[in-house]
Amino acid sequence: MKNITLSRFLIEEQRDKNLIPADLRLLIEVVARACKAISIAIGKGGLADVLGGAGSDNVQGEAQKKLDVISNEILLEANEWGGHLAAMASEEMELPHPIPNRYPKGEYLLLFDPLDGSSNIDVNVSIGTIFSVLRCPEGAEANEQAFLQPGNQQLCAGYAVYGPTTLLVLTLGDGVNVFTLDREMGSFVLTQRNVRIPEDTKEFAINASNQRFWEPPVQRYIGEMVAGKEGPRGQDFNMRWVASMVADVHRILSRGGIFLYPLDSKTKAKGGKLRLMYEANPMALIVEQAGGKATDGHRRLLDIQPTGLHQRVPVILGSKNEVERVTAYHAG
Ligand code: AHG
Ligand code: MN
Ligand code: MN
């Protein structure tokens, strides 16, 4: 597996498996290049003017950090001119971003959370970028309606984690592969092929400060885990919560675990906390492609028909047997 760069990997997928057309390969390479640029900007930290608030709010009424805005700009600029996209949509923009008329248009739709884990930027904890690729319906205008496709229609999904190393995790619907940024070479190199999430786990991730707002099935599930050896599960569990979904999901991909941002009385009116189109769906595809499961407590996340670009959903994902258990508690 030595020195297979992302470019070589994609060319071989195209040539040997006929898995991706050339323009989708270009799209992925452009997104990867943008993630490199974001990684460099993040790496400068206090040496450059990239930390702190931007002084603005996004569509969801959340205060934007400078790096939220910078990362969004990097992704927009990188993807505008290549001719591979019909439009882009982002957490940071209310409406889809059309491709300017001076550039050719392609058939794909790109969605992203340019910077995930914003609260961790200024404290030097892992953050990331999440992206999802859909096909623009034939003959359709590339407006918001064109984006409203269930996650099972994704052609590709991935995330970059900016941690001690910068990683790119990618699925083309044929397993999950991990690439590590070689900073000297400036290229992503394949470091893990066909990653699998263990079916069982002793590790859970949830923001426990919301406990009093949770619904009964989640109260029961987490309560049983916290009860440990003496409780109904008869074993001890451990808890981890980074508060960057990318970092929490990456831990689960690496050694198993379950991640929950469930429906609670605080976020119920909005439908949940995390966004379906550019957080839940791409992560659900990756997790399923690695042998895990992803539901909203009732339904498979990938089968939800979206009704809005910024729609929120409850998210439960990770090791298969644990996701099945807590989903069954919701049904019971
Ligand atoms: P973003 O920074 O893109 O708004 O996303 C943050 C999300 C997600 O990454 C994380 O799991 C969750 O918010 C953390 O929420 P709490 O602060 O409520 O724990
Ligand atoms: Mn996010
Ligand atoms: Mn974000």
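Start by selecting the shell around ligand 1: its residues divide into seven nonpolar, four polar and six charged. The model is a predicted one.

Keep that shell shown and label it. In total 17 residues surround ligand 1. The closest are D116, S118, N207, M245 and Y261.

Next, colour by domain, with domain 1 as 6–192 and domain 2 as 203–331. Both domains give residues to the shell, so ligand 1 lies between them.

Now turn to the polar contacts of ligand 1, taking three residues in turn. Select E91: an N or O atom in its side chain is 3.1 Å from an oxygen atom of the ligand. Move to R275, where the side chain again supplies the N or O atom, at 3.2 Å from an oxygen atom of ligand 1. At L115, show the backbone instead, since a backbone N or O atom of L115 lies 3.4 Å from a ligand oxygen.

Switch on a surface for the protein. Ligand 1 taken alone exposes 470 Å², and the protein buries 85% of that area. The space that ligand 1 takes up is the largest pocket.

Finish with the cartoon and pick out the strands that contribute to the shell. Three elements give two or more residues each: β5 (108–116), β13 (258–261) and β14 (274–275). Select β5 last; with three residues, β5 provides the largest share of the shell around ligand 1.

Notes
Residues numbered from 1 in each chain as written. Chains lettered and ligands numbered in written order. Predicted model: local features only at pLDDT ≥ 70, side-chain atom pairs only at ≥ 80, totals over all residues. Heavy atoms only, no water. Near = heavy atom within 4 Å. Polar contact = N/O pair within 3.5 Å; in protein donor to acceptor, adjacent residues only side chain to side chain. Areas by Shrake-Rupley, 256 points an atom, 1.4 Å probe, with all protein chains shown as cover. 1 Å grid on protein atoms, 1.4 Å probe; cavity = no way out; pocket = protein on both sides within 12 Å on 5 of 7 lines; lining within 4 Å. Sits in = over half its atoms within 2 Å of the grid points. Helix = DSSP H or I, 4+ residues; strand = E, 2+ residues; numbered from the N terminus. Nonpolar A, V, L, I, M, F, W, Y, C, P; charged D, E, K, R; others polar. Domains from an automatic or database assignment.
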